[in-house]
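Trainee: Could we go through this structure together, step by step?

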Amino acid sequence: MSLPPLKIGKYEIQYPIVQGGMGVGISWENLAGTVSKHGGLGVVSSVGTGYRHPNYVKLKDGRPIGSTYIHSREALQRIIRDAKEIAGGEKAVIGVNILYAITDFGRVVRDSVEAGANIIIVGAGLPLTLPKYAPEEDV
Ligand SMILES: Cc1cc2nc3c(=O)[nH]c(=O)nc-3n(C[C@H](O)[C@H](O)[C@H](O)COP(=O)(O)O)c2cc1C
C-alpha cells in the first residue's frame, strides 16, 4: 500500500503524516527537521522558544522574563532556520504550532511568517483572528 501525498495549499508533503506540535521542549528543530527530511510535515513549537535558546533572551532567575522573551522571536527564527537546514535546506517545508491562548498570539503569527514558516497550525482555541495577522500571506 502506498500513501498518497498530502496537499496543503501550494505545498505537497510526500507522506500524509503531520507531526503534532508539542510545546514543553519536545518539538524543536531536531524532531521537526527530521520528520520533514523523511517526507512528513515537521512542526516546531513557537511556545517557550526562549527556553530553547536562553542566550537570545533576558533572563531572571534563569528563566525568560515575560511573553516577549518566553516566546522569543529571535529564538524562533533560529529554530526554524535550523529545522530547515536539517530537513534539507531553504526549500524544506516546516510548520509552526502556535497556541491561540498565549498573550502574544498575533505577534507570534507575524514572527513565524517572517521567520519562514510555511504552514501554521493553531492549538488551544479557535483561531478566528488568524487571517488578520497574516492577511497577505500565502504560507
Ligand atoms: C507532550 C505533548 C505536548 C503537546 N503540546 C502541544 C502544543 O504545544 N500545541 C498543540 O497544539 N498541541 C500539542 N499537543 C497535541 C499534539 O500536537 C497532537 O495534536 C496530539 O498529540 C494528537 O496526536 P496523536 O494522536 O498522534 O498523539 C501535545 C501533545 C503531547 C503528547
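What follows is a short exchange about the sheet, the helices on it and a surface patch.

Trainee: In which order do the three strands of the open sheet stand?
Mentor: We should keep in mind that this is a predicted model. Within it, three strands with parallel pairing form an open sheet, and their order is S3-S6-S7.

Trainee: Which strands stand at the edges of that sheet?
Mentor: An edge strand has a single partner strand, so one side of it is left without a neighbour in the sheet. This applies to two strands, namely S3 (42-45) and S7 (119-123).

Trainee: Which residue in S6 is the bridge partner of Ser45?
Mentor: Strand S6, residues 94-99, pairs with S3 in the parallel sense, and four bridges join the two. In one of the pairs between them, Ser45 has as its partner in S6 the residue Asn97.

Trainee: What angle does the direction of helix H5 make with that of S6?
Mentor: Helix H4 (residues 73-87) lies across S3 and S6 and runs at about 160° to S3. Helix H5 (residues 105-114) also packs on the sheet, where H5 touches S6 and S7. Between the direction of H5 and that of S6, the angle is about 170°.

Trainee: Is Met1 buried or exposed?
Mentor: Met1 lies in the segment before strand S1 (6-8), and together with Leu3, Tyr15 and Ile17 it makes a nonpolar surface patch of about 470 Å². Exposed means a relative accessible area over 50%. Because the relative accessible area of Met1 is 96%, Met1 counts as exposed.

Methods:
Residues numbered from 1 in each chain as written. Predicted model: local features only at pLDDT ≥ 70, side-chain atom pairs only at ≥ 80, totals over all residues. Heavy atoms only, no water. Patch = residues over 30% accessible without salt bridge, like charges linked within 9 Å, V, L, I, M, F, W, Y side chains within 5 Å. Areas by Shrake-Rupley, 256 points an atom, 1.4 Å probe, with all protein chains shown as cover. Salt bridge = Lys/Arg side-chain N within 4 Å of Asp/Glu carboxyl O. Buried < 20%, exposed > 50% of the residue type's maximum accessible area, 1.4 Å probe, protein only. Pairing = 2+ DSSP bridges. Contact = heavy atoms within 4.5 Å. Axes fitted to C-alpha atoms, helices over the stretch in contact; angles between N-to-C directions.
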